Amino acid sequence: MKTINIPLPKIGESTTEAKIVEWLKKPGDFIKRDELFAVIGTDKVDSEIFSEYEGTLKEILVKEGEEVSVGTPICTMEVDDNIEVSTVTISAKRSEVVEVSNKDFSTPLHSAQNDKTQLTPRNSELVSFLSPVVRKMAAENGLSLEDLQKINGTGEKGRIRKQDVENFLKPRKQKTYTPFVEEKLQLKVELGETLEPLSKMRKLIAENMEKSWRSIPHVTTFMDANVTKLVAYREENKEKFLQENAVKLTYTHVIMKAVIDAIKVYPTLNSWFNNEELLEKRNINLGFAAALPDSNLIVPNIKNAQNLSVVEIAQQVSEIGTRAKNGKLKPDDIQNTTFTVSNTGMFGSKSGTPIISRPQVAVLALGNILRRAWIVDENGEEKILPQSVMTLSLSYDHRIVDGALASKFLTEIKKNMENF
């Protein structure tokens, strides 16, 4: 038997810490693979944690109510020696193996279950091959396993030496710069006014929005769509749709389908951009805003939306939205979004300039549906008639998407909406 650390998993793209809400197992209990053993929580959501391994819970390292950073060991488990784990374990002979926790690397080993590059035998061999000095340097400089794999070791049998790491870091250090720090103003607080700090969630949202705005060259293109036929279809079918599918049909559901079909034509919009590398995603994980119990908004996503009908989209939006309202979102609900649709029109706005969430390359905002005078072609004759019109606002990363591609993408969405 061997003992391994179980780290606090990453709940969402922007989450850096969480607290233990409840331990469902106690030391000495046997835990099956994929069995629920703990509940963790943030200001946004409580999440159930399932075991990646089969074994016995040996020790609880973090008490209920205590908050720790992502990657911090929260408990230890005893597992069979032949079980492969995605992290360096504590050896029974402590003097022979140097323990390395997940927070010793900028990319946690456990967080890459779907990233085959981090779960190969090469990685396990690499970690056990590193000296304590090299491990410490990697941790201090935020090097991930992927970074270490790029280093050509000059030691015996290719072992990575201290000098090898220093040589690898030289180009990085030459590119360092002083980050922008916003000056804090001295505000005058008058009688009857209250100066309150931002909530933890609002502060996190502000930090992420600022990072995205500063790092991404945003451009927004607008386009009007005549949704008169769409409005008529919903009015005629909403009662029947509800009776047959036990879920309401909204304009957003239909527009989501129009967006998904447009992404199939222009897949570059369904990409992740990261440090001069573009990853065009095969599956469409479509993000949308959902309300939390405290009325704040969060952006979960529908997985593999390219395979879904309008009915299935409506059902999944309803199911995920209900979990959000009840504070029961799962970690997977808010991870790996590839494209986001934001319906700000439901609050009355005509249009907007949404901010892209990294590593996505675009986000679409839906405006309010308004009755407007519109030129309509009826049997070859142009007439000015009242029509239902919606403004679409596409914000995109201009490093990846140019104006021509953005306009073609919006035109495709418009066509899908107008011909629904």
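**Entry 1. Parallel strands**

I began with strand E12 (residues 286–288) and strand E16 (residues 339–342), which run parallel and are joined by 3 bridges. For Leu 286, I found the bridge partner in E16 to be Phe 339. I note here that the model is predicted.

I then followed E16 to strand E17 (residues 362–366); these two also run parallel, with 3 bridges between them. Val 341 has Leu 364 of E17 as its bridge partner.

**Entry 2. Sheet E5-E4-E2-E7**

I next looked up the sheet that contains E2. This sheet is open, has 4 strands in the order E5-E4-E2-E7, and is paired in the antiparallel sense. Strand E5 (46–50) and strand E7 (67–69) each have a single partner strand, so each edge strand has one side without a neighbour in the sheet. For the twist, I recorded an average turn of 40° between neighbouring strands, direction ignored.

Within this sheet I checked one pairing by residue. Strand E2 (residues 17–23) and strand E4 (residues 36–41) are antiparallel and share 4 bridges. Trp 23 stands opposite Ala 38 in E4.

**Entry 3. Sheet E1-E8-E6-E3**

I turned to another open sheet of 4 strands, with the order E1-E8-E6-E3 and antiparallel pairing. Which strands stand at its edges? I found strand E1 (2–7) and strand E3 (30–31) there; each pairs with a single strand, so one side of each has no neighbour in the sheet.

For the pairing of E6 with E8, I noted that strand E6 (residues 55–60) and strand E8 (residues 73–79) run antiparallel and are joined by 4 bridges. The bridge partner of Ile 60 in E8 is Cys 75.

**Entry 4. Hairpin E10-E11**

I looked up strand E10 (residues 271–274) and strand E11 (residues 277–280), which run antiparallel and are joined by 4 bridges. Ser 271 stands opposite Glu 280 in E11. The two strands form a hairpin with 2 residues between them, and in the turn I noted a positive phi of about 50° at Asn 275.

**Entry 5. Helix H7 against H6**

I moved to the helices and took H7 as the reference. Helix H6 (residues 228–245) packs against helix H7 (residues 251–265) at an angle of about 130°, and the axes are 10 Å apart. H6 is therefore oblique to H7. I recorded the crossing of H6 and H7 as right-handed. On the H6 side the contact consists of Leu 230, Val 231, Arg 234 and Glu 235, and on the H7 side of Tyr 251, Val 254 and Ile 255. By class, I listed 5 nonpolar, no polar and 2 charged residues in the contact of H6 with H7.

**Entry 6. Helix H7 against H8**

For helix H8 (residues 310–325), I found that its axis and that of H7 come within 9 Å and cross at roughly 120°. H7 is therefore oblique to H8. The crossing of H7 and H8 is right-handed. H7 contributes His 253, Val 254, Met 256, Lys 257 and Ile 260 to the contact, and H8 contributes Val 310, Ile 313, Ala 314 and Val 317. I counted these by class as 7 nonpolar, 1 polar and 1 charged. I also note that Val 254 is listed in the contact of H7 with H6 and in the contact of H7 with H8.

**Entry 7. Helix H7 against H9**

At what angle do H7 and H9 pack? I recorded about 135°, with the axes 8 Å apart. These two helices are therefore oblique to each other. H7 passes H9 in a right-handed crossing. From H7 the contact takes Ile 255, Ala 258, Val 259, Asp 261, Ala 262, Ile 263 and Val 265, and from H9 it takes Phe 409, Glu 412, Ile 413, Asn 416 and Met 417. The contact of H7 with H9 divides into 9 nonpolar, 1 polar and 2 charged residues. Ile 255 is listed here and also in the contact of H6 with H7.

**Entry 8. Aromatic pairs**

I closed with a search of the whole structure for aromatic pairs, which gave 3. One of them is formed by Tyr 233 and Phe 420; it is edge-to-face, at 4.9 Å centre to centre and with 80° between the planes. Tyr 233 lies in helix H6 and Phe 420 in the segment after helix H9 (403–418), so the pair ties together parts that are 187 residues apart in sequence.

Terms used: Residues numbered from 1 in each chain as written. Predicted model: local features only at pLDDT ≥ 70, side-chain atom pairs only at ≥ 80, totals over all residues. Heavy atoms only, no water. Pairing = 2+ DSSP bridges. Axes fitted to C-alpha atoms, helices over the stretch in contact; angles between N-to-C directions. Parallel < 35°, antiparallel > 145°, perpendicular 65-115°, else oblique. Left-handed = near helix turned anticlockwise from the far one by under 90°. Contact = heavy atoms within 4.5 Å. Nonpolar A, V, L, I, M, F, W, Y, C, P; charged D, E, K, R; others polar. Phe/Tyr/Trp six-rings, centres within 6.5 Å; stacked < 30°, edge-to-face > 60°.
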